Amino acid sequence: MFKYIALPSIGDNQFPCFPESVGLIRDDPNHICLRETGEFPHFNLHLVAKGKGSVVIDGKTYELKAGDSFLFAPQQTQHYYSSQDEPWEVYFVHFYGTKIKEFLAEKGFYQTSLWTMKRKEELERSFDALIEAAEKNKLWLSAALSTLAYAIIAEYVTQATPLAPKKDNSSADLVMSLLPELQERACEPFELKEWADRANVSTFYFCKLFRKLTQLAPMEFVSLCRIRQAKQMLIENRNMPLQDIASGCGYPSVSYFIQRFKKQEGLTPREYSRNV
């Protein structure tokens, strides 16, 4: 059985995350997927409910059983397939959204693709709820579909523990350990060499490793943190001049701050302030 429910695409900024498709694969010993780097633009999350299957990462094959899962980031190489002897029953959801990239990066979910669940039944119920809603074809209830997709991700983040060793060496650990401080200091001038030196790598390798771990360039991550700080300031200080908010968030130019804010949020800072 192959249940695949496709959903219409919406803007990345309309919801924190949104499902592109969701479904369930059962009793198909010939199920296989192979996607080249850069081929698939969405996150791809699978949960093994029963049976067995395998995932190939960097030339190494990992066998997965009930309760195990994998999460591929956008544009990542993907190779996985069902066991012939014990075909897997596997839930899947493909999802996207700018906000979810930041959330998963902060939680460390780019360090490895392979995870196992503490209580898979709860995650299965979240999948079933999204599948049921998607099957009813109530596409005008976009907020409900987004909420159900986010429920899967929130449950996943709460339960998941790494199944395989981290992809990278101690340099990756150093970069990940710097993320909280980089977020805290995001509104200060960003000096790439300072952060690369602290990770004991070149600026080129720091950027390469940072993108591999977070799916974002260092400056993209900094920009997300700055916009989040700006949103908080707009909520708490509605009458504060935009110049003060811009400079407080690391933008000496008000016009550039407005440009970046609108690109990220789909609204100008003042429009956002009026709508919250």
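The following conversation goes through pockets, a sheet and aromatic pairs in one predicted model.

Me: What kind of model is this, and how are residues numbered?
Reply: It is a predicted model, in which local features need pLDDT of at least 70, side-chain atom pairs count only at pLDDT 80 or more, and totals for chains, interfaces and linings use all residues. Residues are numbered from 1 along each chain as its sequence is written, and side-chain values use heavy atoms, with hydrogens and water left out.

Me: What volume does the largest pocket have?
Reply: Its volume is about 580 Å³. The lining has 21 residues, and P74, Q75, Q76, T77 and Q215 are the closest to the centre of this pocket.

Me: What counts as a pocket here?
Reply: On a 1 Å grid over the protein atoms alone, a pocket is an open set of points where a 1.4 Å probe fits, with protein on both sides within 12 Å along at least five of seven lines; lining residues have an atom within 4 Å of a point. The volume is the space filled by probe spheres set on the points, which are joined across faces, edges and corners.

Me: Which elements supply at least two residues of the largest pocket's lining?
Reply: β5 (52–57) and α6 (203–214) each do so. Such elements are DSSP runs numbered from the N terminus: helices are H or I with at least four residues, and strands are E with at least two.

Me: How do the residues of that lining divide?
Reply: Seven are nonpolar, eight polar and six charged. Here Ala, Val, Leu, Ile, Met, Phe, Trp, Tyr, Cys and Pro count as nonpolar, Asp, Glu, Lys and Arg as charged, and the others, Gly among them, as polar.

Me: And the second largest pocket, what is its volume?
Reply: The second largest pocket has a volume of about 280 Å³. Among its 13 lining residues, T98, E220, L224, R260 and Q264 are the closest to the centre. Two or more lining residues come from each of α1 (98–106), α7 (218–236) and α9 (254–265), and α7 gives the largest share, four residues.

Me: Changing topic: in what order do the strands of the open sheet stand?
Reply: The four strands follow the order β3-β8-β5-β6, with antiparallel pairing; two strands pair if DSSP finds at least two bridges between them. β3 (32–35) and β6 (60–65) are at the edges with a single partner strand each, so one side of each has no neighbour in the sheet.

Me: How many bridges join β3 to β8?
Reply: Four bridges join these antiparallel strands, β8 being residues 78–82. C33 stands opposite Y80 in β8.

Me: What is the count of aromatic pairs?
Reply: The count is 20, taking rings of Phe, Tyr and Trp (its six-membered ring) whose centres lie within 6.5 Å; planes under 30 degrees apart are stacked, over 60 edge-to-face and the rest tilted. F15 and F18 form a stacked pair, at 5.9 Å centre to centre and 20° between the planes.

Me: Is F18 buried or exposed?
Reply: F18 is buried, with a relative accessible area of 2%, and F15 also counts as buried, at 17%. Buried means under 20% relative accessible area, exposed over 50% and partly exposed in between, with a 1.4 Å probe and protein chains only.

Me: Which ring is stacked with Y91?
Reply: Y91 is stacked with F127, at 5.2 Å centre to centre and 25° between the planes. This pair links distant parts of the chain, 36 residues apart: Y91 is in strand β9 (residues 89–96) and F127 in helix α2 (residues 120–135). Both Y91 and F127 are buried.
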